Amino acid sequence: MEHRKSPFIHFFQFLGKVQFTMVLLLLGVVVMTVGTIIESRESREIAQSVIYGAFWFDTFLFLIGLNLVISVINRIPIQRHQWAFVLVHFSIVILLIGSWVSHSIGYEGQAMIYEGSTSNQLFLDTKQLRLDWVGGEAIFPIEPGTDLTGKILQEEEGTRPAVRILEYIPRGTQKVLLGEGRPQDPPGIRFSITGDQEFVNDWEIAKGGRATVRDVGSYEVEVVPVPSEAFLAARREAKPSAGYRVILHARADSSPVEIPLPEGLGKDFQIGDGIVAKVESFFLNARLVKGVLEDVPTAAINPAVIVEIRTASGSERHTLFTQFPDFNVIHNRDPNQKRIERLAFVGAASIPKTRISVLVGPGEQLHLQLTTDSGIEAAVPIAVKEGILLQSSGVKFELTERLLHARSNLRVKPVPDGWQGGESPYLKVELNSQGVGESFWIQYGSMAQHELAGQGVVTVFGQEIRTLPFTITLKEFEVLTHPGSSRPSEYRSQITLTPASKSLPPREEVISMNRPLDEQGFRLFQSSYKLGKGNEPDATILSISHDPGVPIVYISFGMLVLGITWYLRNQSRQAMLLSRAADRAREQLALAGNDER
Amino acid sequence: MKKSFPAPLHGILFGVLLLLCALTLALPASAEGDKLPLEETRDWAVLADGRVKPLQTFANETVLSVVGRKKIDGLNALEIFWGYALSPEDFKGRPLIRIESPTLKEALEFDAGARRFSFDDIMGSLQFQELARSAMDRQRDDMDLTSMEKDALSVYSKATRVSDLMRGDSLTIIPLPDREGNWSTPRAIQASPDAKTQTISGKFAAMAMAYNKGNVEVFRSSAIELRSDLRNLNPSVYPSETIIEREVFYGDINPFGKAWKFYLVGTLLIFLLGFSTKRWLYISALALLGLGFACHTMGVGLRWYIGGRAPVSNMYESLIFMGWGIMAIGFVQEAIYKKRFFALAGGLMSFICLAFSENLPIDSSISPLVPVLAHTSWLAIHVMTIMLSYSAFALAMILAHFALFTQLWRPNRTDLVQSLALLLYNTLQVGLLFLAAGIICGAVWANESWGRYWGWDPKETWSLITFFIYLAIVHGRFAGWLEEFGLAASSIIGFLSVIMTYYGVNFILAAGMHSYGFSEGGQFWMLTFTLLELGVIAIAFVRHRRPAAP
C-alpha cells in the first residue's frame with residue numbers, strides 16, 4: 001500500500017515531518033526577533049498589533065500545533081520507547097489550546113478605587129464608543145486594525161440617532177485653532193512674543209469667563225475678563241514679593257542669622273564671635289559665562305548669591321544656589337574652630353515663569369500685567385498692534401488681534417510612524433436625528449455632549465467596562481518602606497470585598513504585591529497606585545483577570561517538564577553507553593598499538 | 001601518538017602554579033603598633049539603604065563606590081571611612097573621589113592625568129555645580145542625558161555620600177529605644193533628653209577626640225564601651241552577634257575573589273598538561289577546582305544567609321550563581337563521564353563568570369528587594385532554574401569551542417571530536433530541560449503575580465527565541481543534519497542568543513528608552529564578541545570543508 005499514497009497523504013505527512021518543524025522554528029526565531037526590535041524602536045502596542053496580535057501569527061501558532069499533532073499521528077502505532085516523545089509533543093499542543101482559551105474567553109482589566117470609595121467596574125484595554133440619548137443607549141466596540149471609515153453603527157429610529165464613523169485615526173495628534181465664535185463665547189486674543197530666544201505666535205481664550213494659562217517658552221499667557229472697575233483698580237497696584245534670604249548658623253546650637261534680600265545686599269552682619277558675613281552679589285538668573293557667574297535675564301530663573309565671610313584670620317567667599325541646599329553646608333577652614341555650621345540660601349516662593357496677564361474689558365479697554373519673581377507689577381494699558389517691552393530683557397510682547405468672541409476648532413492629523421509623545425486615538429463621529437446633523441472629533445478617553453433637535457446626546461469614546469460579581473471598597477492603600485530609607489518594600493491595599501449574591505457575607509482582605517486574591521473565577525492583583533494631594537497615595541489600581549485557560553496551561557506545563565525529564569533520562573543513558581563503548585574501543589586500540597610496538 | 005610534556009617539566013610547572021596560587025591568596029601582613037584600633041568598630045551595626053549591616057560592610061560599600069576600590073595609598077576602607085566621618089577637615093582635601101570620564105575632567109579643567117580628586121576640588125568647582133545642576137534639571141524633566149551629564153551625576157552622588165558621611169548624617173548607628181525601631185546618628189541625638197542616649201553621645205565625642213589626637217588607648221576603650229552600649233540600647237532591633245560576625249567574615253574572606261583564582265589555577269593545570277595521563281595531576285587539578293567550588297558555594301551560602309533571600313536578585317548575583325551552576329553541572333558530568341573536558345570547561349567558564357562579576361563595575365552590595373520581587377519563593381525558583389540552563393549552555397559553548405579547535409588543529413582526531421560532540425549534545429539537552437522548566441516557572445510566577453502567564457515582554461520573547469534555537473539544534477541533530485561541526489557551530493550561535501536574553505535585552509534593546517550606566521561599552525563588547533565567535537565558526541567551516549592534507 002505504501003507506494004500508492006495520494007499527494008494529499010504526502011502533504012499531510014509532510015506537515016508532521018521534522019523538516020517542517022525546522023522551518024517553523026527558524027521562522028519563529030526571525031519573527032520574534034523582529035518583534036522585539038519593533039518593540040524597542042517603536043512601541044509595545046505596535047509590536048503587539050503588527051506581530052503577536054496579528055492574524056497570521058495565530059495561523060503560525062496553529063501550524064506549530066498541527067505539526068506536533070501530525071508528528072505524533074505519523075508514529076502510530078506508538079512503540080513503548082516513544083511515549084516520552086508523545087508526552088512532550090502533546091503537552092505543547094495542550095499548551096497552545098490553553099492559551100487559545102485564555103485568548104478568546106479570558107479577559108483582564110484595571111480597577112482604580114479611591115480610599116473610602118467602592119467600585120464593581122472593570123476597565124478593559126479594548127476601546128468602545130458609548131452613546132446615551134433620551135430613551136436609550138448603545139455600545140459599539142472599536143477594534144483596532146479594522147477599517148472603520150464610513151461605517152454605519154446604527155440607523156435612525158424614533159429618538160435613536162443615526163451614528164456613523166467618518167474617520168478613525170488610531171494614532172493622531174490634535175491641533176486647536178482659533179476662530180470667530182458665537183455671541184455667547186468668551187473673548188480671545190492673538191499675540192506674539194519676540195526677543196532674545198523667543199519667537200512665538202499664539203493665541204489664548206478666556207474660557208467661560210475664567211482665565212486659563214498657556215505656556216509659551218519661559219512665559220505664561222492668560223486672558224482675564226475684567227468683571228468690574230474695582231477689579232481693574234486693584235490690578236493697577238504693584239505688589240513686591242517676599243524676597244530671598246540667606247540663613248547662617250554660626251554653631252549648631254546658636255540661633256540662625258537671616259540676611260533678607262535684596263535689602264541686606266552689601267551690608268555686614270554679625271553672626272557670632274568675630275564672624276561677619278556680607279552678601280556681595282545677588283543673581284536672579286545666574287548662569288556661568290566663561291567660568292564667571294553673571295545675571296542673564298533671558299535664562300530660566302536660578303537664584304544665586306556670593307557671600308563673603310570674614311574672621312580675624314581672613315576671609316573667604318562662597319557661591320550658593322537655592323537649588324543646591326547640599327552644596328551650602330560645607331564649611332570652613334578656620335583655624336580658631338569658629339566654624340560655620342550651616343550656610344543656606346533660601347528662595348522666596350519662586351515663580352518658574354513670568355506670567356503675562358491680558359485684562360480684557362470692560363468695554364474696549366485692554367490692560368497688561370506682569371507677575372515675575374520679584375512681585376506683581378502694576379497693570380498698564382495696551383492697544384492692539386502695540387508692542388510692549390517686558391522687563392529690561394529686550395523681549396517684546398505684541399497683541400496682534402483681539403476677538404470679542406472666540407472659539408477653538410479641533411484639527412486632528414495622524415502622526416508619522418515612529419513618532420512618540422502625545423499621540424492618542426481619535427474618532428470623527430457623525431450623529432443624525434430628525435434632519436439635524438452634527439459631526440465632531442472625539443479623543444480616546446473623552447466625552448462630548450450635543451443637542452440634536454432639542455434632545456441631548458452624550459458620546460463617550462473610552463475603555464470597555466465590565467461589571468464584576470462583587471464590589472470592592474478600599475479602606476486604605478499603603479506604601480511601606482524598608483527601614484531608614486525611602487525604598488518601597490510593599491504596596492498594600494486593605495479592602496472590603498462584598499459578593500453580589502446576598503448569601504455570601506462581606507470579607508476583609510489585603511492585596512499586595514505577589515499576594516493576589518481569588519474570588520469567583522477572578523484574580524485580583526496589586527498593580528499600581530495614584531498619588532493624591534501632598535504626594536500621598538490616595539487610590540489603588542488593581543489588575544483583575546478572568547482566565548479559564550490557566551488550568552489547561554498548568555496541566556501542559558506539568559506534562560512538558562515530566563516529558564522532557566523522561567526523554568532526557570533515556571537519552572543520557574544512551575549517551576553514557578555510547579561514550580563508554582567508544583572509550584573501551586579506544587583502549588583496546590591503544591593496547592593493540594602498544595603490543596605492536 | 002599522544003604528545004605530552006616530559007615528566008620533569010610536570011613537576012616544575014606544578015610547582016610554579018602552586019607558588020602563583022600561594023602568592024595570589026596570601027594576605028598582606030599588617031603590623032603597625034601605634035595605629036588606631038579602628039577594627040574595634042567594624043562589628044557595630046549600621047542602618048543603611050534599608051538594611052541593618054555591620055559597619056565594616058557599610059564602610060566597604062561606601063569606599064568602594066567613592067574611591068572605586070577598597071584600599072588606596074595604604075589606607076583601608078575603615079581608615080578612609082572614619083577619616084571622613086571624624087576628621088572631615090583633613091580628609092575633604094585628600095584626592096580620594098574617583099572621576100573616570102576624561103571629558104568631564106577636561107570640562108572641569110581638572111588634571112587629566114589624575115584619577116581621584118578631593119571633595120573640595122569637586123564641590124568647590126563652579127563648573128561642576130553648573131553641570132550637575134543642569135543634569136539634575138534634565139533628569140527631573142525626563143530628558144535624555146548626555147554621557148558627560150551622566151558622569152557628572154555619578155560624581156555628584158559620590159560627593160553626596162562623602163558629604164553625608166562628613167556631616168555624620170549617614171552614621172545611623174544608634175538604635176533608638178522607641179517602639180518604631182528607628183535608628184539615629186550621634187549628631188542627631190546630641191540634644192536628646194534621654195540619659196542613655198546622652199551617654200552614647202558623650203562616648204562618641206570622646207572617641208572622635210581620641211581619634212583626632214591619636215590617643216590609641218582612649219579610642220580603644222570608648223569604642224569597646226560603645227559597642228556594648230549600642231547593642232544594649234535596643235537589643236530587640238540589634239542584629240545578633242552571629243549574624244554580624246558572619247557578614248564581617250564574608251567581607252573579609254572575599255570568597256568569590258578566592259574562588260576565581262582557584263579556578264584559574266586548576267583550569268591552567270589541566271590545560272597546560274595537555275591531557276596528560278598522570279592521575280595525580282588530574283586529581284590535584286580537580287582538588288583545586290573543588291577548593292574553588294567550595295569557596296564559591298560558601299560565598300553563595302553566606303550571601304543567602306546574610307540577605308535572608310536567594311542571592312539571585314541582580315546582575316552580580318545572577319552572574320555568580322551562573323558560574324556556580326556551570327561548575328556544579330561540570331562536576332556532575334565529570335563524575336558521570338570522567339572525560340576531563342567537563343572539569344576544564346567548567347573551571348574555565350566559571351572563572352570567566354567570576355572574573356567578570358568581581359572586576360566589572362556592577363553593584364555587589366546586598367540590598368533589600370523591590371516589592372515586585374519580594375515575598376515570594378518564585379524569584380529563587382525561576383531565576384535559579386533559568387541560570388542553571390544558562391550554565392549548561394555556557395558549558396556546551398566551551399565544549400563546542402574545544403570541538404572546533406580540535407577540528408582546526410588536530411583534524412585527524414575525529415574520535416575526540418565525536419566524543420566532544422556527544423557530551424556537548426547531552427549538555428545541551430540538560431540546558432533545554434532547565435530552560436523549559438525556568439520559562440514555565442516564570443510563566444507561573446507571572447500568572448500568580450500579574451494575572452497573565454505570557455505577555456510577549458522582550459525578556460520573555462528572547463527566552464523563547466533561545467528555546468526555539470536550541471530546539472532547532474536538537475531537532476536538527478535528531479534528523480541527522482547536524483554532524484559534529486554543525487552541532488558545535490550552532491551551539492555557539494545558541495549561546496549568543498543566551499547572552500542577548502541575559503544581557504542584551506536590558507542593555508541593548510532598551511538602550512533608547514532607559515539611561516542605564518554602561519550600556520555603550522557593553523554594546524561594543526557584545527558586538528566584538530559576536531563577530532569574534534562568528535569569525536571562529538567561519539574559519540572552522542572553511543577548514544572543515546577542505547580537510548588539511550595529512
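Reader: Which side chain meets Asp169(B) in a salt bridge?

Author: That's Arg167(B), with 3.2 Å from N to O. Keep in mind that we're looking at a predicted model. To read such a pair, check the distance, then ask how much of each partner is accessible. Here Asp169(B) counts as partly exposed at 37% relative accessibility, and Arg167(B) is partly exposed too, with a relative accessible area of 23%.

Reader: And which residues do salt bridges with shared partners join into one network?

Author: Look at Glu40(B), Asp43(B), Arg220(B) and Arg227(B): shared partners tie them into one network. Over all chains, the count comes to 32 salt bridges.

Reader: How far apart are the closest N and O atoms of Glu100(B) and Arg98(B)?

Author: They sit 4.0 Å apart, and the pair counts as a salt bridge because the rule takes a side-chain nitrogen of Lys or Arg within 4 Å of a carboxyl oxygen of Asp or Glu. Now do the accessibility step again. Glu100(B) has a relative accessible area of 53%, so Glu100(B) is exposed. Arg98(B), at 16%, is buried.

Reader: Chain A next. Where in the chain do Arg507(A) and Glu519(A) lie?

Author: First the pair itself: their side chains meet in a salt bridge, 2.8 Å from N to O. Arg507(A) belongs to strand E32 (residues 507-512) of chain A and Glu519(A) to strand E33 (residues 517-519), so the pair links distant parts of the chain, 12 residues apart.

Reader: Is Glu519(A) buried or exposed?

Author: Buried, because its relative accessibility is 6%. Its partner Arg507(A), at 29%, counts as partly exposed.

Reader: Let's switch to nonpolar cores. What do nonpolar side chains tend to do in soluble globular proteins?

Author: They tend to be buried together. To read a core, start with its size, then look for the members with the most contacts inside it. The largest nonpolar core in this model has 143 residues, and Leu399(B), Phe467(B) and Phe495(B) touch the most other members.

Reader: Which helix gives the largest share of this core?

Author: Helix H16 (residues 378-409) of chain B, with 21 residues.

Reader: What does Phe467(B) touch, not counting residues up to four places away in sequence?

Author: Leaving those sequence neighbours aside, Phe467(B) touches Leu432(B), Leu435(B), Ala436(B) and Ile439(B).

Reader: How many residues are in the second, separate core?

Author: There are 64 residues in that one, including Ala77(B), Leu165(B), Ala210(B) and Tyr211(B).

Conventions
Residues numbered from 1 in each chain as written. Chains lettered and ligands numbered in written order. Predicted model: local features only at pLDDT ≥ 70, side-chain atom pairs only at ≥ 80, totals over all residues. Heavy atoms only, no water. Helix = DSSP H or I, 4+ residues; strand = E, 2+ residues; numbered from the N terminus. Buried < 20%, exposed > 50% of the residue type's maximum accessible area, 1.4 Å probe, protein only. Core = buried A, V, L, I, M, F, W, Y, C linked by side-chain atoms within 4.5 Å. Contact = heavy atoms within 4.5 Å.
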